[in-house]
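Biologist: Could you walk me through a few spots in this model? I'd love to hear the reasoning behind each answer.

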Amino acid sequence: MGLPDLRDLRYFETIAELEHIGRATERLHRTQPALTSAVRRLEEACGASLLEKAGRGIRLTPAGRVLLKWAQQVRIDVEDAQREIGDIGRGLSGHVRIGIVPTAAQFILPPAARQLLAAAPDVTLRTVVGLIDTLNPMLRAGELDLMVGTESPLEPGYTAQGLAEDQIVVAASATHPIFDRPPTLGDLTKHRWVLQPPGAPTRDWLDHTFDRHRLPRPRVQVESTMLLMLPALIAETGLLSFISRRHLDPADGHTPLREVPLAETTMHRRLVVTYREGSYLLPAARLMISFLAEAGRLGPPQALVDVGG
C-alpha cells in the first residue's frame, strides 16, 4: 500500500462528511473530475473501494470508514505540527479554540479569559458555546483544542482535568407559592415547569428521580434548549426549573430566584476540561487550562454548572 496524498485525504474527508461529490465540489472549489480522481488514487493506494452509491448520494464502505478515521487523525497531526513549528520563538501567542457548555461560558470563562488576555495579549480566542453532544464531535475532528463540560467516560486518546464540582437544583421565582410552606418532592408535581427537552442529561436525571419515587414526572409547559434563558423564564413565568446554583448566588443581590431545597432533587456532577491526549497544545492553551481551574475554584462554594450545558 502506497502513501496517500495529504490533499487527497482532505478531499476525501469532505466528501465523506457531505456524502455527495457534487456538494463537495462546491465546498472545496474543485471540479467533480478532480475529486473523482482523488478518490480513485486513494482506492488504488489502499487496494479497496472507499465509496458506494446510496440513493442520490454516496456512503462510505467499511474500508472507507477506516480511512476516514485515519484521514482525520493525519489532518489533526499535520495541523498540530504546523502550529507547534509556528509557535517556536513566538512565546505566548497563537489561536486557542475552546468549546464550552453555556453556564460555564457565563460564569467561568470570563475571569479565565481576562487572565489569559492579560498574560498573553497577542493570543486570539475562539469560543463555541454548546451542549456536550455538539462539542464532542468538534473536539474529535480537531476543530477545538479544549472542551469544557461535565465529566463523562473518556474515549481512548483523550484526557480530562477537573475544574469544579457541579450542583443542579430546582429553582423558582422568590414569590412562588411553593415557598408558602416547607416543600416536599410531591409538592413539585403540583406545579408546571420550564425544562430542557428529553434526552438532555439534567432533564433525564430529574425525570428518573420522580420515577424512582413513584411520582408523576414534571408537567413541562415550556421546553427550551437555550439554557441561559432559563433563569429569565423562571422569573417571568412563575414556572419551576432545574438550573445551576450559580444562578442563585446570594452575593449577586439582583437574582429574583430562589432554590427549592430538597436533597432528592440536588444533582451533583463534576466540571472538567477535556483535550486530545498526545496532541500539541499551544502554551497559551495550557495556560488557559490553569486559569479555567482557578476560576472554577473561586466560584461560590455550592455553585456550579448545568450538567450537559
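Modeller: Happy to! Keep in mind that this is a predicted model. Leaving aside neighbours within four places in sequence, Leu262 is in contact with Pro183, Thr184, Leu185 and Leu188.

Biologist: Nice start. Where does Leu262 lie, and is Leu262 buried or exposed?

Modeller: Leu262 sits in the loop between strand 10 (257-259) and strand 11 (267-276). Its C-alpha atom is separated by 7.3 Å from that of Thr184, 78 residues apart along the chain. The relative accessible area of Leu262 is 8%, and the cut-off for buried is under 20%, so Leu262 counts as buried.

Biologist: Thanks! How are helix 1 and helix 2 oriented to each other?

Modeller: The axes of helix 1 (residues 6-18) and helix 2 (residues 21-28) come within 8 Å and cross at roughly 125°. Angles of 65 to 115 degrees would count as roughly perpendicular and those over 145 as roughly antiparallel. That crossing angle therefore makes helix 1 oblique to helix 2.

Biologist: And how do the residues of that contact divide?

Modeller: Helix 1 contributes Tyr11, Thr14, Ile15, Glu17 and Leu18, while helix 2 brings Ile21, Arg23, Ala24, Arg27 and Leu28. They divide into six nonpolar, one polar and three charged.

Biologist: Last one: which residue in the turn between strand 1 and strand 2 has a positive phi?

Modeller: Strand 1 (residues 51-54) and strand 2 (residues 57-60) run antiparallel, joined by four bridges, and Glu52 stands opposite Arg59. The two strands form a hairpin with two residues between them. In that turn, the residue with a positive phi, about 65°, is Gly55.

Methods. Residues numbered from 1 in each chain as written. Predicted model: local features only at pLDDT ≥ 70, side-chain atom pairs only at ≥ 80, totals over all residues. Heavy atoms only, no water. Axes fitted to C-alpha atoms, helices over the stretch in contact; angles between N-to-C directions. Parallel < 35°, antiparallel > 145°, perpendicular 65-115°, else oblique. Contact = heavy atoms within 4.5 Å. Nonpolar A, V, L, I, M, F, W, Y, C, P; charged D, E, K, R; others polar. Buried < 20%, exposed > 50% of the residue type's maximum accessible area, 1.4 Å probe, protein only. Pairing = 2+ DSSP bridges.
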